[in-house]
Amino acid sequence: MKAVLLGTTAGGGFPQWNCACPLCVRARSGELPSRSQDCLAISGNGTDWWLVNASPDIRSQIASCSLLNPGPGARDTPLRGALFTDAELDHTLGLLTLRGGAGLTVWAPGTVLHALKDQFDLRTVIDGYAPVAWREVDETFEVGGLRVSVIPISGKRPKYARSSTVDGHWVVAYRFEDPVSGGVLVYAPCLASWPAGFDEVVAGADCLLLDGTFYAASEMGAATGSSSGQAAMGHLPITASLPELRRFPGVRRIYTHLNNTNPVLDPSSPESAKLREAGVEVPLDGTVIEL
């Protein structure tokens, strides 16, 4: 199994276009590395690649990853489609860039497929260019030579789907298992709380990519003066998840989906030092994971 962290930040990227918080100012000056919006590419056979979420930055992310280069034919591509963890715009709008791609398949929970058809109608727009095969995820399925298990996380809906009457799991994580190597990777970029049974999921993984959106619950208000915070946005802060991660020292643990206000974006910060002490990583865009 090979996975590439195409992007590692929350919606808006880093620096965020309309933010002049200290971290974004430092990123614009080149003092801190810029990062694109969270997205993963994964394959079990090195030939068929799948996106896990499709960020609005997907064009530049694909262009910067040689493993996803098109060819050998003029319109050949190793991308076979995408798996969506939820229906948030920053996780699905990348499909608009991929419009016209032949033979793509999108896997997602039923709630997400409903939102993208009945609440946002992204599916109709995309299918107007080239038909996409839309598939509802079951408990397990296979893509790119990998076995995929669906892990329900929460019922948080995106803002545009608040009026939806559809109940169910609106946010999921994915467990990828390579049947050849036995390697297991878990991708959970949105985590409102530590779900029941998640201990077993983490313990059985070789690598965990976990929601690191905010370091602390008060972070956004302190950095930008905004009255909103992680509680309303459905993201468990690192201060709450790090004690849980410390219980699994044998697992490679990585925070992703970092908000532009998160102090761990600065490797010299005390918060970053705490993660290093716990053996938890905050890698840059383009990092390759092999299991």
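The questions below concern the sheet and residue D86 in a predicted model.

Reader: In what order do the seven strands of the open sheet lie?
Author: The sheet is open and its pairing is mixed. Its edge strands, β6 (133-136) and β14 (288-290), each pair on one side only. From one strand to the next the twist averages 20°. The order is β6-β5-β4-β3-β2-β1-β14.

Reader: Which residue in β4 is the bridge partner of W50?
Author: Strand β3 covers residues 49-52 and strand β4 covers residues 79-83. These two strands pair in the parallel sense over four bridges. In β4, the partner of W50 is G81.

Reader: At about what angle to β6 does helix α5 run?
Author: Helix α5 spans residues 110-119. The helix lies across β5 (105-108) and β6. Its angle to β6 is about 140°.

Reader: How far from D86 is the nearest side chain of opposite charge?
Author: D86 is found in the loop between β4 and α3 (89-92). D86 is buried and has no salt bridge. A salt bridge would need a side-chain nitrogen of Lys or Arg within 4 Å of a carboxyl oxygen. The nearest side chain of opposite charge is that of K156, at 8.0 Å.

Reader: Which side chain joins that of D86 in a polar contact of 2.8 Å?
Author: Leaving aside residues up to four places away in sequence, D86 touches several residues, including N53, V112, W170 and C190. A polar contact of 2.9 Å joins its side chain to that of T85. The contact of 2.8 Å is with the side chain of H91.

Definitions and conventions:
Residues numbered from 1 in each chain as written. Predicted model: local features only at pLDDT ≥ 70, side-chain atom pairs only at ≥ 80, totals over all residues. Heavy atoms only, no water. Pairing = 2+ DSSP bridges. Axes fitted to C-alpha atoms, helices over the stretch in contact; angles between N-to-C directions. Contact = heavy atoms within 4.5 Å. Buried < 20%, exposed > 50% of the residue type's maximum accessible area, 1.4 Å probe, protein only. Lys, Arg positive; Asp, Glu negative; His and termini not counted. Polar contact = N/O pair within 3.5 Å; in protein donor to acceptor, adjacent residues only side chain to side chain.
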